[in-house]
Amino acid sequence: MKILAIESSCDETAAAVVEGRTVLSNIVATQIAEHKIYGGVVPEIASRRHCEAISTVVNDAVATAGLTLNDIDAIAVTHAPGLIGALLVGVNYAKGLAMSLNKPLIPVHHLRSHIAANYISHKELEPPFLCLLVSGGNSLIVKVNSYTDFEIIGRTRDDAAGECFDKSARSMGLEYPGGVNLDKIATEPDFEKYPMPWPKVDSSELDFSFSGLKTAVINLTHNAEQKGTPIDVPVLSATVRRRVCDILIANTLKAAEMTGMKKIVIAGGVSANSELRQRMTEECEIKGFRLYYPEKKYCGDNAAMVGAQAIYEYQNGNIADSMLNAAATLNIDYLK
């Protein structure tokens, strides 16, 4: 089944043609250079750029796959969560395309797609498994019981890990995308020089809290600026990265032990973080867990991952009609 997938949840206009777990094409039009001017994504600009790019991106995806639109069996689209204006561009384009071609329309949850990116990189991977899903907007520990059955067992109570990275990087003067640039320049951590808190959630040992850590970094950089004290940005970056990874890894391993899961998956934009990959690999080897994470090209927002999840949504009967709407927020287990 050849699925044309569309992704427009934030600042990447993407389209791909996927057949099962095989990617026939994967086209991404990024807006990073434009949003870099503002230090982050400007929703109104993102929506406009999606409108300008989506037709070209979709046509390129179909052509690169060596197909025509008539060869496509279904249309899949990210419908939630994300920036509402950006999502609406993709949803409405997909609805019109599905209607004109008389093809099924498959709504796909953005976070489910990030998990499915691992199916592309690891064709042998099958549920059940435990997934640490970390991005700029979400930090979750998800028990994946089947391809369409998701159980949240840990979540952030405030900021996401990716937001902590991005806001910390911005306070250090690093360019957007902050988390990526922080990871690139980080050297060795120094907690004596830059003490970093380890926030915990009393009511749930598997939940995360990153707002206190983010605030500590912002206060540190502001105080240094006011006093005229230079900041060792590579060392502070490494210290922040170490603490975020400490928290993510500790909770994930604890969740694996509590659930008895032997397979651990990392997904989302932060799954590209170099320290998270290295340390999680080492910890899983010690404890006898199997670890999976996507190729870096599938960690960020892309449409191939949407297509990879869409086949399972289709098989589960998750088909939409012309009334499909976008949603800025929606839990990953929304179909329960």
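Helix H4, the sheet beside it and the aromatic pairs

In helix H4, the buried residues are His 110, Leu 111, Arg 112, Ser 113, His 114, Ile 115, Ala 116, Ala 117, Asn 118, Tyr 119 and Ile 120. The model is a predicted one. Of the 12 residues of H4, 11 are buried, so the helix is largely enclosed by the rest of the structure. A residue counts as buried here when its relative accessible area is under 20%. From its first C-alpha to its last, H4 reaches 18 Å, which is close to the 16 Å expected at 1.5 Å a residue.

What does H4 lie across? The helix lies across strands S1, S3, S4 (74–80) and S5. With respect to S5, H4 runs at about 95°.

These strands belong to an open sheet of 5 strands, arranged in the order S3-S2-S1-S4-S5 with mixed pairing. Strand S3 (22–30) and strand S5 (105–109) stand at the edges; each has a single partner strand, so one side of each is left without a neighbour in the sheet. From one strand to the next, the twist averages 20°.

One part of the sheet can be followed strand by strand. Strand S1 (residues 2–7) and strand S2 (residues 12–19) run antiparallel and are joined by 6 bridges. The connection between S1 and S2 is a hairpin through 4 residues. Along this pairing, Ile 3 stands opposite Val 18 in S2, and Leu 4 has Val 17 of S2 as its bridge partner. S2 also pairs with S3, again in the antiparallel sense, over 8 bridges. Val 18 takes part here too, with Val 23 in S3 as its bridge partner. S2 and S3 form a hairpin with 2 residues between them, and Gly 20 in the turn has a positive phi of about 65°. S2 is mostly covered, as 7 of its 8 residues are buried.

The next topic is the aromatic rings. A pair of aromatic rings is described by how far apart the centres are and by the angle of the planes. How many aromatic pairs does a search of the whole structure find? The search finds 5. In one of them, the ring centres of Tyr 119 and Tyr 147 are 5.3 Å apart and the planes are at 80°, so the pair is edge-to-face. This pair links distant parts of the chain: Tyr 119 is in helix H4 (residues 110–121), while Tyr 147 is in the loop between strand S7 (139–146) and strand S8 (149–155), 28 residues apart. Tyr 119 and Tyr 147 are both buried. For Phe 208 and Phe 210, the centres are 5.8 Å apart and the planes are at 25°, so that pair is stacked. Phe 208 is buried, with a relative accessible area of 0%, and Phe 210 is buried with a relative accessible area of 0%. Tyr 119 also belongs to one aromatic cluster formed with Phe 129, Tyr 147 and Tyr 312.

A last residue to look at is Asn 318, in the segment after helix H10 (304–315). Is Asn 318 buried or exposed? At 11% relative accessibility, Asn 318 counts as buried. Its side chain reaches the backbone oxygen of Pro 107 at 3.4 Å. A polar contact of 3.4 Å also joins the side chains of Asn 318 and Tyr 334. Leaving aside neighbours within four places in sequence, the residues in contact with Asn 318 are Leu 105, Ile 106, Pro 107, Glu 313, Tyr 334 and Leu 335.

Definitions and conventions:
Residues are numbered from 1 along each chain as its sequence is written. This is a predicted model: local features need pLDDT of at least 70, side-chain atom pairs count only at pLDDT 80 or more; totals for chains, interfaces and linings use all residues. Side-chain values use heavy atoms; hydrogens and water are left out. Rings of Phe, Tyr and Trp (its six-membered ring) pair if their centres lie within 6.5 Å; planes under 30 degrees apart count as stacked, over 60 as edge-to-face and the rest as tilted. Buried means under 20% relative accessible area, exposed over 50%, partly exposed in between (1.4 Å probe, protein chains only). A polar contact is a pair of N or O atoms within 3.5 Å; within protein, one must be able to donate a hydrogen and the other to accept it, and residues adjacent in sequence count only if both atoms are side-chain atoms. Contact means heavy atoms within 4.5 Å. The expected span of a helix is 1.5 Å times one less than its number of residues. Two strands pair if DSSP finds at least two bridges between them. Axes are lines fitted to C-alpha atoms, for helices over the stretch in contact, and angles run from 0 to 180 degrees between N-to-C directions.
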